[in-house]
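User: I would like to learn how to read strands, salt bridges and burial from a model. Please take the features one at a time.

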Amino acid sequence: MHIQLNGEPYPLDAELTAADLIERLGLAGRRVAVEINEEIVPRSQLATTRLSQGDQVEVVHAIGGG
């Protein structure tokens with residue numbers, strides 16, 4: 001299965017949830033925003049939102065600075 005992750009093709013070897021993807025990307029525990037097919041996914045729904053073939057996923061994480 002393939003999705004588009006931040007505009008780039010991204011292969012998945014298994015069906016994942018949005019939370020699984022965040023973990024795989026090494027962003028678990030960080031402040032992130034996830035959008036799937038132009039819809040923002042609330043943090044409370046990441047663990048139950050399944051990714052499907054061809055989904056367009058945008059993941060943005062906050063970076064501190066000054």
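The dialogue below goes through the sheet, the salt bridges and two buried residues.

User: What should I know about the model before reading it?

Analyst: The model is predicted: local features need pLDDT of at least 70, side-chain atom pairs count only at pLDDT 80 or more, and totals for chains, interfaces and linings use all residues. Residues are numbered from 1 along each chain as its sequence is written, and side-chain values use heavy atoms, with hydrogens and water left out.

User: How is a sheet read, and what order do the strands have here?

Analyst: Strands of a sheet pair through backbone hydrogen bonds, either parallel or antiparallel. Helices (H or I, at least four residues) and strands (E, at least two) are DSSP runs numbered from the N terminus, and two strands pair if DSSP finds at least two bridges between them. Here five strands make an open sheet in the order E2-E1-E5-E3-E4, with mixed pairing. Strand E2 (8-11) and E4 are the edge strands, each pairing on one side only. From one strand to the next, the twist averages 35 degrees; the axes behind such angles are lines fitted to C-alpha atoms, for helices over the stretch in contact, and angles run from 0 to 180 degrees between N-to-C directions.

User: Which residues of E3 face which partners in E4 and E5?

Analyst: E3 and E5 run antiparallel and are joined by five bridges, with Val34 paired to Val59 in E5. With E4, E3 pairs in the antiparallel sense over three bridges; Glu35 stands opposite Ile40, and Ile36 has Glu39 as its bridge partner. E3 and E4 form a hairpin with two residues between them, and Asn37 in the turn has a positive phi of about 50 degrees. Val32, Val34 and Ile36 make up the covered face of E3, while Ala33 and Glu35 make up the uncovered one.

User: How many salt bridges are there?

Analyst: A salt bridge is a side-chain nitrogen of Lys or Arg within 4 Å of a carboxyl oxygen of Asp or Glu. By this rule the count is two. In one, the closest N and O atoms of Arg24 and Asp13 are 3.2 Å apart; Arg24 is in helix H1 and Asp13 in the loop between E2 and H1, eleven residues apart. In the other, Arg50 and Glu15 have their closest N and O atoms 3.4 Å apart. Arg50 lies in the loop between E4 and E5 and Glu15 in the loop between E2 and H1, so this pair ties together parts 35 residues apart in sequence.

User: Are the residues of these pairs buried or exposed?

Analyst: Buried means under 20% relative accessible area, exposed over 50%, and partly exposed in between (1.4 Å probe, protein chains only). Asp13 is exposed because its relative accessibility is 67%, and Glu15 is exposed at 52%. Arg24 is partly exposed at 41%, as is Arg50 at 48%.

User: Which charged residue is buried yet has no salt bridge?

Analyst: Lys and Arg count as positive and Asp and Glu as negative; His and the chain ends are not counted. The residue is Asp55, and Arg50, its nearest side chain of opposite charge, is 11 Å away. Asp55 sits in the loop between strand E4 (39-41) and strand E5 (56-61).

User: What does Leu27 touch?

Analyst: Contact means heavy atoms within 4.5 Å. Leaving aside neighbours within four places in sequence, Leu27 is in contact with Ile22, Val32, Val59 and His61. Leu27 counts as buried because its relative accessibility is 8%.
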